[in-house]
Every structure is written in structure tokens, then in C-alpha cells.
Amino acid sequence: MNGTRNYVDWCKKAKFLGYTSLGICEEATLAGTLPFQLACNKADIKPILGETLSVLFKDDDATKFQVKLYAQTKRGWRNLLALNTSHNIENGGYIT
């Protein structure tokens, strides 16, 4: 449910419930990661950045499934950016 609420509201709710970290994993986009990260930082909550991508088996055009990928390090973030480019620009909505 990409962009279903204001990230500040989600951070307030997480803080109220006692969470110290909160993740984002929108489908096929990283567009919300910056506003999400800014809202988390303001609320003193650790942001966890991710994305949901469609995977297509190379040998079988009919088998497609989704994976949720999260970055743990700067290198992981760069890998996520590269996969996002492959998914949305180079391959037309999937990765192999």
C-alpha cells in the first residue's frame, strides 16, 4: 500500500508502542525512503530501508514472485539502487 499514510504519523505510533526501529518496503519504488528516513530521524527511530521487487525466472516466463529486500549497510543501499534500476528501467518491471 504505497504511500498509505504520513510517515510522521507512523513514527508517532511506533514511538507510542515502544518501537526503536521502523522499516519501509514499498513495491517497485524507493521514492518514499528519504521522507521516511527524515521522519524516523526526527522521532529518534532507526529507519530500515527496503523495497519489494518482482523476480522472473529466466527460463520460465510464467513464474514470477516478489521478494522484499532491505539494506543493512551503505554497500547494501548501493545494491538496492542498482536492483531498482534493473527492475524499473532495464527489465520493465522485474529482475531475473
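This is a short talk on one helix pair and two buried residues in a predicted model.

Okay, housekeeping. The model is predicted, so local features need pLDDT of at least 70 and side-chain atom pairs count only at pLDDT 80 or more, while totals for chains, interfaces and linings use all residues. Residues are numbered from 1 along each chain as its sequence is written, and side-chain values use heavy atoms, with hydrogens and water left out.

Let's start with the helices, which are DSSP runs of H or I with at least four residues, numbered from the N terminus. Helix 1 (residues 7-16) packs on helix 2 (residues 33-42) at about 40 degrees, axes 9 Å apart; the axes are lines fitted to C-alpha atoms over the stretch in contact, and angles run from 0 to 180 degrees between N-to-C directions. That makes the pair oblique, the label for whatever isn't under 35, over 145 or 65 to 115 degrees. Who touches whom? From helix 1 it's Tyr-7, Val-8 and Cys-11, and from helix 2 Pro-35, Phe-36, Ala-39 and Cys-40, where contact means heavy atoms within 4.5 Å.

Staying in helix 2, look at Thr-33. Thr-33 is buried at 6% relative accessible area, and buried means under 20% with a 1.4 Å probe, protein chains only. Its side chain reaches the backbone oxygen of Leu-30 at 2.7 Å. Leaving out residues up to four places away in sequence, Thr-33 touches Ile-24, Leu-49 and Trp-77.

Last stop, Val-55. Val-55 is buried too, at 12%. With that same sequence exclusion, Val-55 touches Thr-63, Lys-64, Phe-65, Val-67 and Ile-95. Its C-alpha sits 30 Å from that of Ala-39, 16 residues apart along the chain.

Technical notes
Helix = DSSP H or I, 4+ residues; strand = E, 2+ residues; numbered from the N terminus. Buried < 20%, exposed > 50% of the residue type's maximum accessible area, 1.4 Å probe, protein only. Polar contact = N/O pair within 3.5 Å; in protein donor to acceptor, adjacent residues only side chain to side chain.
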